[in-house]
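Here is a friendly briefing to read alongside the model. Please keep the sequence and the 3D view open as you go.

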Amino acid sequence: MTLKIGVIGTGAIGEDHIRRCMQALSGAEIVAVTDVNLERAREVASQYAPGAKVPEDGESLIALPEVEAVIVTSWGGTHARYVLEAIRHGKYVFCEKPLATTAEDCLKIVEAEAAHGKRLVQVGFMRPYDAGYRALKALIDKGEIGEVLMIHAAHRNQRVGANYKTDMGITDTLIHELDVFRWMLGDDYVSAQVIFPRRSGKAMEHMRDPQIVLLETKKGIRIDVEIFVNCQYGYDIKCAVVGELGEASLPMPPAVELRKSAALSTEIMTDWKERFIAAYDVELQDFINGVKARKLNGATSWDGYCASVAADACVKAQESGRIEPIAMQSRPALYNA
Ligand code: NAI
Ligand code: NAD
Ligand code: ISE
């Protein structure tokens with residue numbers, strides 16, 4: 001059986017996920033797409049899913065009887081309403097990160113899903129599907145470096161556009177680390193602090209970039225993450241985990257070693273689409289298979305909520321300059337498995 005999917009938001013990642021479902025993955029087809037910019041939705045449909053309907057808004061798309069599952073790839077601020085609407089229709093939904101832009105909205109989704117009584121939501125945190133992060137977690141779980149004590153990480157983008165604001169360094173960018181470290185360590189955060197180093201002159205006037213986020217977990221692990229979204233040279237994700245017996249680092253994606261003109265070099269990617277292409281493929285195939293089996297894997301609404309609670313504390317810490325506490329509500333039974 002081919003799973004019939006509708007996609008809300010045909011921007012950069014929406015287009016890429018539509019291409020992925022139609023050309024790279026198996027067992028699914030895109031039967032409807034929409035965007036606030038309907039012209040854009042029609043263009044993307046004609047390129048990758050010529051038979052797809054283009055309803056005038058996300059709510060109409062979710063209501064279409066032929067749409068069995070929904071992918072939400074519109075701007076973060078719009079996610080909550082579409083995910084809630086999909087749950088109301090009892091339809092499976094893959095929502096790109098963040099699940100919502102505030103913890104309060106994430107909690108509404110958690111409560112709606114728990115009231116429905118069964119998992120319907122998978123959040124688009126793809127790093128747990130990345131082969132490098134999986135190898136790192138496997139090594140930690142085997143005890144190769146003993147108990148984890150510290151993580152030194154960096155999340156660098158080449159540059160960002162004019163719409164990107166300082167708080168998005170947290171809600172849009174750091175949110176990946178907030179999620180993947182919970183998954184990797186099996187731990188939760190208790191506090192956050194944000195420090196601003198000297199501002200890069202390459203960042204737009206309205207932005208404070210870079211920033212350093214300091215996190216503490218329940219087990220007492222200390223994590224520092226440098227967020228630098230105008231680093232100029234490439235898209236670079238670094239993560240070194242320090243334990244009692246050694247240090248384990250996230251592998252770099254494979255790249256050809258070039259010896260030329262008295263220099264040895266390897267290329268650094270510039271685009272998140274390429275850096276995590278295999279992880280997005282595995283993640284969305286897992287969503288398709290999960291819907292068919294009526295059992296989703298990957299990040300839950302609860303994971304989306306936890307990342308958002310931590311993000312809210314980091315945004316508060318950006319403004320206060322203080323160490324801000326991080327505390328979750330108690331976890332509904334649905335997410336205990
Ligand atoms: P984008 O700006 O290229 O695309 C967003 C699209 O959604 C635009 O075409 C816009 O017109 C449309 N849109 C906005 N509000 C809408 C609404 N109410 N109804 C229908 N369409 C609407 O943005 P991009 O880069 O594709 O990001 C989209 C989402 O995907 C964001 O939540 C972002 O955080 C996430 N994302 C995740 C990545 C990952 O690594 N997992 C990478 C890039 C983005
Ligand atoms: P698992 O069910 O044994 O454990 C995952 C645990 O981590 C669960 O408690 C879950 O709630 C939590 N979790 C999952 N995603 C999370 C996230 N993004 N943030 C925070 N917590 C998260 O699952 P597993 O075998 O470790 O597999 C994890 C996912 O990877 C599954 O969806 C699985 O299907 C997929 N997977 C991928 C590959 C691959 O090659 N990429 C191989 C096997 C499994
Ligand atoms: C973007 O939305 C993503 O999710 C990318 O993975 C991240 O690196 C980037 O900073 C975000 O803006």
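What follows is a short tour of the ligand sites and a few backbone details.

This is a predicted model, in which local features need pLDDT of at least 70 and side-chain atom pairs count only at pLDDT 80 or more, while totals for chains, interfaces and linings use all residues. Residues are numbered from 1 along each chain as its sequence is written, chains are lettered from A and ligands numbered from 1 in the order in which they are written, and side-chain values use heavy atoms, with hydrogens and water left out. Ligand 1 sits in the largest pocket, and ligand 3 sits in the largest pocket too.

**Terms for the ligand sites**

- A residue belongs to the surroundings of a ligand if one of its heavy atoms lies within 4 Å of it.
- A polar contact is a pair of N or O atoms within 3.5 Å; within protein, one must be able to donate a hydrogen and the other to accept it, and residues adjacent in sequence count only if both atoms are side-chain atoms.
- A pocket, found on a 1 Å grid over the protein atoms alone with a 1.4 Å probe, is an open set of points with protein on both sides within 12 Å along at least five of seven lines, and its lining residues have an atom within 4 Å of a point; a molecule sits in it if more than half of its atoms lie within 2 Å of its grid points.
- Helices (H or I, at least four residues) and strands (E, at least two) are DSSP runs, numbered from the N terminus.

**Ligand 1**

- Ligand 1 is surrounded by 23 residues, and the closest are Asp35, Trp75, Tyr82, Lys97 and Tyr280.
- An N or O atom in the side chain of Asp35 is 2.4 Å from an oxygen atom of ligand 1, and one in the side chain of Glu96 is 2.9 Å from a nitrogen atom of the ligand.
- The backbone takes part as well: an N or O atom of Ala12 lies 2.9 Å from an oxygen atom of ligand 1.
- On its own, ligand 1 exposes 840 Å², of which the protein buries 85% (Shrake-Rupley areas with a 1.4 Å probe; for residues, only the protein chains shown count as cover).
- Helices α1 (12-24), α4 (79-88) and α7 each supply at least two residues of this shell.
- By class, the shell around ligand 1 has nine nonpolar, 10 polar and four charged residues; here Ala, Val, Leu, Ile, Met, Phe, Trp, Tyr, Cys and Pro count as nonpolar, Asp, Glu, Lys and Arg as charged, and the others, Gly among them, as polar.

**Ligand 3**

- The residues around ligand 3 are Lys97, His155, Asn157, Asp172, Thr173, His176, Tyr235 and Trp272.
- Oxygen atoms of ligand 3 make side-chain polar contacts at 2.8 Å with Lys97, at 2.7 Å with Thr173 and at 2.8 Å with His176.
- The protein covers 85% of the 300 Å² of accessible area that ligand 3 has alone.
- Helix α7 (residues 168-185) provides the largest share of this shell, three residues.
- Two nonpolar, four polar and two charged residues make up the shell around ligand 3.

**Ligand 2**

- Around ligand 2 there are 13 residues, the closest being Tyr129, Asp179, Asp286, Asn297 and Gly298.
- Polar side-chain atoms lie 2.9 Å (Tyr129) and 3.0 Å (Arg134) from an oxygen atom of ligand 2, while one of Asp179 lies 2.4 Å from a nitrogen atom of ligand 2.
- The protein buries 58% of the 820 Å² that ligand 2 exposes when taken alone.
- Helix α7 gives the most to this shell, three residues, and α9 (277-292) supplies at least two.
- The shell around ligand 2 divides into six nonpolar, two polar and five charged residues.

**Backbone details**

- Most residues other than glycine have a negative phi, and most peptide bonds are trans.
- A cis peptide bond joins Lys97 and Pro98, with omega about -10°, and Pro98 lies in the loop between β4 (92-96) and α5 (103-116).
- Another cis peptide bond joins Asp209 and Pro210, with omega about 5°; Pro210 is in the loop between β7 (189-195) and β8 (211-217).
- Ser261, in the loop between β12 (257-260) and β13 (263-266), has a positive phi near 50°.
- Ala262, in the loop between β12 and β13, has a positive phi near 60°.
- Ser261 is exposed at 68% relative accessibility, and Ala262 is exposed at 90% (buried means under 20% relative accessible area, exposed over 50%, partly exposed in between, with a 1.4 Å probe and protein chains only).
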